[in-house]
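Hi everyone, thanks for making time for this. I'd like to walk you through one small set of results, so please take a look at the picture as I put it up.

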Amino acid sequence: MLTGEESCPLCGEKNHCGLVKGEKECWCMTVNFPEKVLKVAQKESHKCICQTCLDTYKEK
């Protein structure tokens, strides 16, 4: 499990955050997150949710 801003607040795996890598944008800026995902991750709002968790919650 990763720690810090590079980890997903839901699963703890790598979130591939562009901003943490020093880029101007992140992949998450171009997708919509279901409200329930945002509520679950609300406590650590400075961290990106990973693509895997986003896909999992969209399927539910």
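Let me begin with a question: does Pro9 count as buried or exposed? Pro9 counts as buried, because its relative accessibility is 19% and the cut-off for buried is under 20%. You can find Pro9 in the segment before α1. Now follow the chain 32 residues along from Pro9 to Ala41: the C-alpha atoms of these two are separated by 6.0 Å.

Before I go on, please keep in mind that this is a predicted model.

Here is the overall picture. The chain has 60 residues, and 30% of them count as buried. Its secondary structure comes to two helices and zero strands. The accessible surface is about 4300 Å², and carbon and sulfur atoms account for 50% of that. If we take the contacts between residues at least 6 apart in sequence, 46% of them join residues at least 24 apart.

Next, the inside. In soluble globular proteins, nonpolar side chains tend to be buried together. In this model, the largest nonpolar core has 12 residues, among them Cys8, Phe33, Val37, Ala41, Ile49 and Leu54. Several other cysteines belong to this core too, including Cys17, Cys26, Cys28 and Cys48. Which elements give two or more residues to this core? Those are α1, residues 35-41, and α2, residues 51-59. If you'd like to zoom in on one member, try Cys28, which touches Phe33 and Cys48 once we leave out residues up to four places away in sequence.

With so many cysteines in view, you may be wondering about disulfides. A disulfide is a covalent bond between the sulfur atoms of two cysteines. How many disulfides does a search of the whole structure find? The search finds zero. Take Cys17 as an example: its nearest cysteine sulfur is that of Cys48, 3.5 Å away. The cut-off for a disulfide is 2.5 Å, so Cys17 is in no disulfide. Looking from the other side, the nearest cysteine sulfur to Cys48 is that of Cys17, and Cys48 is in no disulfide either. Cys17 is buried, with a relative accessible area of 7%, and Cys48 counts as buried at 9%.

Now let's visit a polar residue. Where does Asn15 sit, and is it buried or exposed? Asn15 is in the segment before α1, and it is buried, with a relative accessible area of 1%. The side chain of Asn15 reaches the backbone nitrogen of Cys17 at 3.0 Å. Leaving aside neighbours within four places in sequence, Asn15 is in contact with residues including Glu5, Ser7, Trp27, Lys47 and Cys50.

One of those contacts, Lys47, deserves its own stop. Lys47 lies in the loop between α1 and α2, and at 15% relative accessibility it counts as buried. What does the side chain of Lys47 reach at 3.4 Å? The answer is the backbone oxygen of Gly4. The Lys47 side chain also makes a polar contact with the side chain of Ser7, at 3.2 Å. And Pro9, where we started, is one of the residues that Lys47 touches.

Right between Asn15 and Cys17 in the numbering is His16, also in the segment before α1. His16 has a positive phi of about 55°, although it is not a glycine. His16 is partly exposed, with a relative accessible area of 47%.

Let me turn to the rings. The structure holds one aromatic pair. Trp27 and Phe33 form it, with 6.2 Å from centre to centre. Why is the pair called tilted? The planes are 50° apart, and tilted is the word for angles that are neither under 30 degrees nor over 60, so the name follows. Phe33 is a member of the largest nonpolar core, while Trp27 counts as partly exposed at 21% relative accessibility.

My last stop is Asp55, which is found in helix α2. Asp55 is partly exposed, with a relative accessible area of 35%. Asp55 and Phe33 are 22 residues apart along the chain, and their C-alpha atoms are separated by 9.5 Å.

That's my tour, and thank you for listening!

Note on methods. Residues are numbered from 1 along each chain as its sequence is written. This is a predicted model: local features need pLDDT of at least 70, side-chain atom pairs count only at pLDDT 80 or more; totals for chains, interfaces and linings use all residues. Side-chain values use heavy atoms; hydrogens and water are left out. Rings of Phe, Tyr and Trp (its six-membered ring) pair if their centres lie within 6.5 Å; planes under 30 degrees apart count as stacked, over 60 as edge-to-face and the rest as tilted. Buried means under 20% relative accessible area, exposed over 50%, partly exposed in between (1.4 Å probe, protein chains only). A nonpolar core is a set of buried Ala, Val, Leu, Ile, Met, Phe, Trp, Tyr and Cys residues joined through side-chain atoms within 4.5 Å. Helices (H or I, at least four residues) and strands (E, at least two) are DSSP runs, numbered from the N terminus. Contact means heavy atoms within 4.5 Å. A polar contact is a pair of N or O atoms within 3.5 Å; within protein, one must be able to donate a hydrogen and the other to accept it, and residues adjacent in sequence count only if both atoms are side-chain atoms. Accessible areas come from the Shrake-Rupley method with a 1.4 Å probe; for residues, only the protein chains shown count as cover.
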